[in-house]
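Trainee: I'd like to learn how to read a structure I've never seen before. Can we go through one together?

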Amino acid sequence: MDPITVGYLSLGAIAIAIYAGLHVAIALAGVSLFGVWAITGKLKLAMNFVALAATDSIADYTFGVVPLFVLMGLAVSESGMGRDTFAVIARGLRRWRGGLGVATVLSNAVFAAITGISIASAAVFSKVAVPEMVRAGTNRSIAVGVVAGSSVLGMLIPPSLLLILFAILTDSSIGDLFIGGIGPGLLLTLAYILYLTGLGVARPSLFEGVLTRAEDDHTPTWRILPVLGLAGLVLSGIYLGFFTPTEAGAIGAAAALVIGTVLRRIGWRAGWRIAVQTGHVTAAVCFLIIGASIYSRMLAFSGLPASITQAAIDSGIGPVGFLMLFAGLLVLLGTVLDSSSIMLVTVPLAFPVTQQMGIDIVHFGLITVLAVEVGLLTPPLGLSVFVVHATLKDTGITLGEVFRGAAPFALIMALTLVALILIPEIATGLLGR
C-alpha cells in the first residue's frame, strides 16, 4: 500500500479507536504497528520497529524529569503548602474587592510554580478556597469558576507536565520551555485578576465583604516562604544554568520532602501515599510517551508529515494563519479529548510544519499547551470542571454552575491565546529571541 495513504488511514483509525474508548497509548501503538506492517508487508519488521521505538522513548535521560517533578508536586500538595499560601494571601487581600477570588488566582499561580499539574491545583483549591468564598457571600458559580479557571495555570507556569511532554515529543529544551512559560503564565494570571477586580467593582453584590476564617486565620506569614523558596530554587537554578531540568526536579523533590517532614505533615504513611501516586502518574505518562514515540516514527516512515508540510507551505497560509488554525483545532478537540491525548496526536504532525515556516519552537510549544488547556474548562469534557464538581459533590454545587462559572475564564484564556499567537515575545522575550 502507498505509504502516504497508510499515513492518512492511520489518522482515521486512531481517531475511531480513541472515540471508541480505547486507551490513547494503545491506540497509537496498535495502529502504528499495523501501519508499518501495511507499508513494509512484513509483520516481524513491524514488531521490531515498535519494540525499538518503545525502548528508545523512555531510555533517554530526559525522561527522568517526569517522575521527579511529579514527586515534587505531590509532596507539596500533601504537605499543605497550598492551604498555607491561600491563608496568607487571603489575609493580605481582605480589603480588595473580590479579594478572595484574587487570592485564589494568586495562590494557584504560586502553587503552579511547584506542582505542574492542573488537576492537583483544582482538587486542592476546591477544598481550600471554595468553602471560604461561599461563606463570605461570594456567588457560588463565581467561586467554583475561579478555582476551575485558575487551576489551568498549573500546566502553563513552569514546571509543567505538559511542557515536559511537549519537549519529549519534539526533542526540544525543557529549560527553554519552562522559561518561555513564565510570560504567558503571568499574563493569564494578570488577566484573571483584572477580570475579578472589575467584576467586584461593577457588581459588588457578588462579593460580600464578610470576614472569613481564611482572612482571620493565624497562619504565620512565614509559611508562604517555603513555597516561594522552592519555586525560586527550581526555576532560578534552571534559568541560571546551575543544574539541568532533571537535576532541578531531583533537588526540588528532595527539598519538598524535607519541608513537609520538618513541618511534620509528611510521615511514613503520607510518604508511602506520595510514592504510590508518583508511580501511578509516571506509569501513565510512560505509556503515553511510548505510544507517541511509536506513532511519530510511523508517521515519519510513511512520509505524511512531509506531505502535510508541503501542502501547508503551498497554501500560502503563513505562520500566523497556521497557528490560528492549529490553535482552533486544539480547542475544538479539547471538548472531547484530554490534554495529553490531543498533544500526542497533533504535535508530531504539526511540528514539522512549524519548523519549515520558521516558527520558534518555544512559541509553538506555549501556544499548544495554552490551547489544549482551554479544553479543561469547556464542555462536554472539561476535566478541571469535573474535578472541582467531584471534590465538592457533597455541597450541592451542580456541574452546570461550575461550567457557567468557568466560561468567562475560558474566554479570557482564548483571548490570551490570540495575544500569544500575535506577539511571540510573550513567550520568547525572556530567552532574548
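Mentor: Let's start with surface. Accessible areas come from the Shrake-Rupley method with a 1.4 Å probe, and for residues only the protein chains shown count as cover. Here the accessible surface of the chain comes to about 17,600 Å², and 68% of that belongs to carbon and sulfur atoms. Before we go on: this is a predicted model, where local features need pLDDT of at least 70, side-chain atom pairs count only at pLDDT 80 or more, and totals for chains, interfaces and linings use all residues. Residues are numbered from 1 along each chain as its sequence is written, and side-chain values use heavy atoms, with hydrogens and water left out.

Trainee: How many helices and strands are in the chain?

Mentor: Helices (H or I, at least four residues) and strands (E, at least two) are DSSP runs, numbered from the N terminus. This chain has 20 helices and 0 strands.

Trainee: What radius of gyration would a compact globule with 433 residues have, and what does the chain have?

Mentor: The radius of gyration is taken over C-alpha atoms, and the globule rule is 2.2 Å times the number of residues to the power 0.38. For 433 residues that rule puts a compact globule near 22 Å, and the chain has 22 Å, so the two agree. Along the principal axes, the C-alpha atoms fill a box of roughly 70 × 45 × 45 Å.

Trainee: Which share of the residues counts as buried?

Mentor: Buried means under 20% relative accessible area, exposed means over 50%, and partly exposed is in between (1.4 Å probe, protein chains only). By that rule, 55% of the 433 residues are buried. Look at helix α6 (residues 99–115): 16 of its 17 residues are buried, so α6 is largely enclosed by the rest of the structure.

Trainee: What should the span of helix α6 be, and how far apart are its end C-alpha atoms?

Mentor: The expected span of a helix is 1.5 Å times one less than its number of residues. That gives 24 Å for α6, and its end C-alpha atoms are 24 Å apart, which agrees. Try helix α13 (residues 268–302) as well: with 35 residues, it reaches 51 Å from first C-alpha to last, close to the 51 Å expected. Just after α13 comes glycine 303, with a positive phi of about 85°.

Trainee: Which residues other than glycine have a positive phi?

Mentor: Aspartate 171 is one of them, with a phi of about 55°. Aspartate 171 is found in the loop between α9 and α10 and is exposed, at a relative accessible area of 72%. Arginine 264 is another, with phi near 60°. You'll find arginine 264 in the loop between α12 (245–262) and α13, and it counts as exposed at 78% relative accessibility.

Trainee: Where is there a cis peptide bond?

Mentor: It joins proline 158 and proline 159, with omega about 0°. Proline 159 lies in the loop between α8 (140–151) and α9 (161–170).

Trainee: What about contacts: which residues does valine 36 touch beyond its neighbours in sequence?

Mentor: Contact means heavy atoms within 4.5 Å. Leaving aside neighbours within four places in sequence, valine 36 is in contact with Gly41, Ala46, Phe49, Met298 and Phe301. Valine 36 lies in helix α2 (residues 24–40) and is buried, with a relative accessible area of 1%. For the chain as a whole, take the contacts between residues at least 6 apart in sequence: 80% of these join residues at least 24 apart.

Trainee: Is asparagine 48 buried or partly exposed?

Mentor: Asparagine 48 counts as partly exposed, at 45% relative accessibility. It lies in helix α3 (residues 43–59). Its C-alpha atom is separated by 9.5 Å from that of leucine 33, and the two are 15 residues apart along the chain. Now set arginine 203 beside that: its C-alpha atom and that of isoleucine 157 are separated by 30 Å, with their places 46 residues apart along the chain. Arginine 203 is found in the loop between α10 (174–202) and α11 (225–239).
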